[in-house]
Amino acid sequence: MSKTETDKSQDQEDLGAAGSQLSTAPRDEVSSVPGLGVIGWVRWFWRQLTSMRVALLLLLLLSLGAIPGSLIPQTGADLNKVDEFRKAHKTLAPVYDKLGLFHVYSSVWFSAIYILLFVSLIGCIVPRTWQFVGQLRGRPPGAPKRLTRLPAYTTWRTTAGPEEVREAALALLKKRRFRAHVAGDAVAAEKGYLREVGNLAFHIALIVLLVAFASGQMYKSDGTKLMVEGDGFSNTLLMYDDFKSGSMFQNDDLVPFSFDLKDFKATYEVNGPNKGTPRTFEAKIKYSKGAYGKQRAATVQVNQPLKIDDAKVYLVSHGYAPVITVRDGKGTVVYHDAVPLLPLDGNETSNGVIKVMDGYRDGQGKKDQLGFQAFFVPTFDPKSGTMLSQFPALVNPLLAVNAYHGDLGVDTSSQNVYQLDKTHMKAFKDSKGQLLKKLLQPGDTLTLPNGAGSITFEKDIKEWAGFEIVQEPGSGWALGGAVAAIFGLAGSLFIQRRRVWVRAVRGADGVTVVEMAGLGRSESAKVPEELGRLAGTLYDQAPGAPEPDDDSTESPVVPAEGAEK
């Protein structure tokens, strides 16, 4: 055995209980091969699983496992993007399927890491909590035999009696919020227990985060709804345009409420380099809880959702919905509605389709279906030379349409309401044999050839708002866990647990010898500095006595220094 190892062993023997661990962390012992038998292997596996290094490894694996969930399209988020990925990557898609990369958060391997981390944290926290409770119920350990071996140490001689020094030291340490008591010929004190509280709080907060995340994924719901001014919504599955939910979600979990979109207003910057930049989006609604709840007025803004029990209603999008009227050859109105068009750029250049499926008859009185492609600009500028909006507000609106007739195909397959399937459609032609199209201002009408009817762009232009209704049962717990983890981690990093001892004994010449020593969890300069301040204060109450070979009246305090003094 080397001299250094011998010295360390001797130090531990001299310090005794005073040198015991200043934390509840398990001792870092070298893992030994388990004994024969199932119980031996189980114990060995449990020790490894509940060790800090394994918990950190599992946390790292969980973080790495979440990366493909963010980069690769997920079936639970957007099935259409997953289908597009499969078509574009026919070689990778089967491999991703086998690895579960299209549903990472519900895959077997991600769940295994998640559960093992959960068990590891619990197995680590429970024994440390009991140990910490035992430390709180106990008293700081008594002073070791040789205080000179501690990292911070100072001593001086005083004319005050030993009991007087110990009483002054006890009062001083308690005043500085140390847990202190007299043990034999010394005062033992300890401080910084909040470090362990922060450490345990951090680990418990991680468990809360894991539970909140799991419950949020299992019981969450997320749906979207596009509403034109004047439309209503009731929180049922049939009312959603798109809806996603967790594996444990039930239809009855939806919060019962309804609301009507009364008005939507948007304001934009009108001058300067930020011209056209949105300033405010406001959706004025009236909502009610339950089937017979009283109606209340509310305004939903971006990042300011409406909270109804566990549900939040977010304002996520906006656009225009020109009011369109379609008449058949006899002038009968067969379609009259506001048509939501989807924005293509920041200036609300929009497009969409108008589908007339029922009630229409052509010039010969035969049943038929109509389809119109629409391109809308809220601010048209002839000088720009392009059919693009120059400003997002309604300054000079213009609608470009072209017309088709035939079978829309809505009876044979599901379709996107914003796209026109022209497989079985024929375009209307103008007098030159070209595709019939026209630029319409509010109030203008496009007349279809051969007495097929007309389409009118009404002067009334409505606006629509897109809402996202979210229920996340674990969001509050997740937020609380995150805040607790931050404060707990800060406490465990910045609070230092340390012990201080003050020994006062009468020397052979009858003069009291005072020794002060401090011990921290790590070699930090704060312990000697704090010990120096404590010694200076105590020295004022128990001033130094002259050395036997010195005629001066008092001796200065020996500054706190290392153990090799």
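Where is the place of Ser-350? In this predicted model, Ser-350 is in strand β14, which covers residues 350-356. Ser-350 counts as buried because its relative accessibility is 0%. Its side chain reaches back to the backbone oxygen of Glu-348, at 2.7 Å. Beyond neighbours within four places in sequence, Ser-350 is in contact with two groups of residues. One comprises Leu-341, Leu-342, Pro-343 and Leu-344. The other comprises Ala-374, Phe-375 and Phe-376.

Glu-348, the partner of the Ser-350 side chain, lies in the loop between β13 (342-343) and β14. Glu-348 is not a glycine, yet its phi is positive, near 65°. Most residues other than glycine have a negative phi. Asn-303 also departs from that pattern, with a positive phi of about 65° in a residue that is not a glycine. Asn-303 is found in the loop between β9 (296-301) and β10 (306-308). Is Asn-303 buried or exposed? Asn-303 is exposed, with a relative accessible area of 71%. Glu-348, by contrast, is buried, at 8%.

The protein as a whole has 10 helices and 22 strands. Of its 565 residues, 40% are buried. Among contacts with a separation of 6 or more, 64% join residues 24 or more positions apart.

Strand β14 also contributes to the largest nonpolar core. In soluble globular proteins, nonpolar side chains tend to be buried together. This core holds 29 residues. Which of them touch the most other members? They are Ile-324, Val-326 and Phe-372. At least two core residues come from each of β11 (311-327), β12 (333-338), β14, β15 (369-377), β16 (398-406), β19 (445-448) and β20 (453-471). Strand β15 gives the most, with four residues. Beyond its neighbours within four places in sequence, Phe-372 is in contact with Val-326. Its contacts also include Gly-352, Val-353, Ile-354 and Val-356. Asn-402, Ala-403, Leu-420, Leu-448 and Ile-455 complete the list. Another core, of 25 residues, lies apart from the largest one. Among its members are Ala-152, Ala-160, Leu-173 and Leu-538.

Helix α3 shows a buried side and an exposed face. The helix has 20 residues, 52-71. From first C-alpha to last it reaches 30 Å, close to the 28 Å expected at 1.5 Å a residue. Its buried residues are Ala-55, Leu-58, Leu-62, Gly-65, Pro-68 and Gly-69. Why do they fall on the same side of α3? They cover an arc of only 130° around the axis, which puts them on the same side. The buried residues pack against three helices: α2 (38-49), α6 (108-137) and α8 (194-219). The face turned away from the buried side carries Arg-53, Leu-56, Ser-70 and Leu-71, which are exposed.

Confidence varies along the chain. The protein averages a pLDDT of 86, and 89% of the residues score at least 70. Over residues 1-5, pLDDT stays under 50. For that stretch the model has one contact beyond four places in sequence. Over residues 551-559 the pLDDT is also below 50. The latter stretch has 23 contacts in the model beyond near neighbours in sequence.

Terms used:
Residues numbered from 1 in each chain as written. Predicted model: local features only at pLDDT ≥ 70, side-chain atom pairs only at ≥ 80, totals over all residues. Heavy atoms only, no water. pLDDT = per-residue confidence, 0-100. Contact = heavy atoms within 4.5 Å. Buried < 20%, exposed > 50% of the residue type's maximum accessible area, 1.4 Å probe, protein only. Polar contact = N/O pair within 3.5 Å; in protein donor to acceptor, adjacent residues only side chain to side chain. Expected span 1.5 Å × (residues − 1). Arc of directions from axis to C-beta. Core = buried A, V, L, I, M, F, W, Y, C linked by side-chain atoms within 4.5 Å.
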